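Me: Could you take a close look at one part of this protein model with me? I am new to reading structures, so please go step by step.

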Amino acid sequence: MDTAAIILTGGRSSRFSGRHTPGIEIAGTPVIASLLATVEAAGVGEIIVCGSAAGIDASALTRVQVVAEEPAFGGPLHGISCALAALPAGERVILVLAGDMPAITASLLDRLRESAAAASPAAAVDPSGRVQFLCAAWPEAVLRDAVAGLGSAVGLPVKALYRGREVTLIPATESELIDIDTPADLDRAERATDAD
């Protein structure tokens, strides 16, 4: 199925003193580079990175489109809106991913998009029941309608996109859904990499 991906890299990384978390290296590879490799391995056609390109090497930049958030730091929902504006409309499944998740697997992306092809969004859930709304897949028309229905997305929580919608939860492992928000998360991601 035709698939595009929106990867969000526009956060302030305030808990890392402004150090750009998608650009942090784990085992010598930036988090965003690991994520892009997985997205490409899953056969995604178009990739929009919204926010900073830090950590993406020159060869990968030829295969992705980087767009800026205007205004900057408007939150992940605003980033999704900016990325959609840069993506020509089509009939795709769109993966929506946080740029600070180094251990997402192609298998998880496949399960998400297969579910979303059935006309409702799908989001990953870890074994404790925590839903990761920024590891999700949406039918394109549904995502565009949901974003348009919110008006200005600046400052809105990403959960606002899901309100009143049926969402299929796709089981994922705890390590697949590590997102690097804090130094403790980085430690967990490094331990998970060492275990592999």
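In which loop is Ala-119 found? Please start there and then walk me through the sheet around that part.

Reply: Happy to! Keep in mind that this is a predicted model. Ala-119 is found in the loop between H4 and E7. Its phi is positive, about 90°, although Ala-119 is not a glycine. That is worth a pause, because most residues other than glycine have a negative phi. Ala-119 is also exposed, since its relative accessible area is 53% and exposed means over 50%.

Now look at the two elements on either side of this loop. Helix H4 covers residues 106–116 and packs on the sheet, where it touches E1, E6, E7, E8 and E9. The direction of H4 makes about 50° with that of E8. Strand E7 takes up residues 122–125, and E7 forms a hairpin with E8, with five residues between the two strands. In that turn you will find Gly-129, which has a positive phi of about 95°.

How do the strands of the hairpin pair? E7 and E8 run antiparallel and are joined by four bridges. One pair to find on screen is Val-125 with its bridge partner in E8, Val-131. On the other side, E8 meets E6: these two strands also run antiparallel, with five bridges between them. Here Val-96 stands opposite Ala-136 in E8.

Strand E8 deserves a longer look. Eight of its nine residues are buried, so E8 is largely enclosed by the rest of the structure. Gln-132 lies in this strand. Is Gln-132 buried or exposed? Its relative accessible area is 7%, and buried means under 20%, so Gln-132 is buried. A polar atom of the Gln-132 side chain lies 2.9 Å from the backbone nitrogen of Leu-134. Leaving out residues up to four places away in sequence, Gln-132 touches Met-101, Ala-123, Ala-124, Leu-177 and Asp-179.

Let us step back to the whole sheet. Seven strands form an open sheet, and their order is E5-E4-E1-E6-E8-E7-E9, with mixed pairing. The edge strands are E5 (65–67) and E9 (168–171), each of which pairs on one side only. On average, neighbouring strands are turned by 25° against each other, ignoring direction. In general, strands of a sheet pair through backbone hydrogen bonds, either parallel or antiparallel. You have already met antiparallel pairs; for a parallel one, go to E1 (residues 3–9) and E6 (residues 93–98), which are joined by six bridges. In this pair, Leu-8 stands opposite Ala-98 in E6.

Another helix on the sheet is H1, at residues 31–41. H1 lies across E1, E4 and E6, and runs at about 170° to E1.

From E6, follow the chain into the loop that leads to H4. Asp-100 lies in this loop. With a relative accessible area of 10%, Asp-100 is buried. Setting aside residues up to four places away in sequence, the residues that Asp-100 touches include Thr-21, Pro-22, Val-31 and Asp-179. Asp-179 may sound familiar: Gln-132 touches Asp-179 too.

A second loop residue makes a good companion to Asp-100. Ile-56 sits in the loop between E4 and helix H2, and Ile-56 counts as buried at 9% relative accessibility. Beyond its neighbours within four places in sequence, Ile-56 is in contact with Ile-32, Leu-36, Val-49 and Leu-61. From Ile-56 to Leu-112, the distance is 24 Å from C-alpha to C-alpha, and the two residues are 56 residues apart in sequence.

To finish, return to the backbone feature we began with. Ala-27 has a positive phi as well, near 55°. Ala-27 is found in the loop between E2 and E3, and at 67% relative accessibility Ala-27 counts as exposed. So when you go back to the model, turn to Ala-119 in the loop between H4 and E7, and then to Ala-27 in the loop between E2 and E3.

How values were computed: Residues numbered from 1 in each chain as written. Predicted model: local features only at pLDDT ≥ 70, side-chain atom pairs only at ≥ 80, totals over all residues. Heavy atoms only, no water. Pairing = 2+ DSSP bridges. Axes fitted to C-alpha atoms, helices over the stretch in contact; angles between N-to-C directions. Contact = heavy atoms within 4.5 Å. Buried < 20%, exposed > 50% of the residue type's maximum accessible area, 1.4 Å probe, protein only. Polar contact = N/O pair within 3.5 Å; in protein donor to acceptor, adjacent residues only side chain to side chain.
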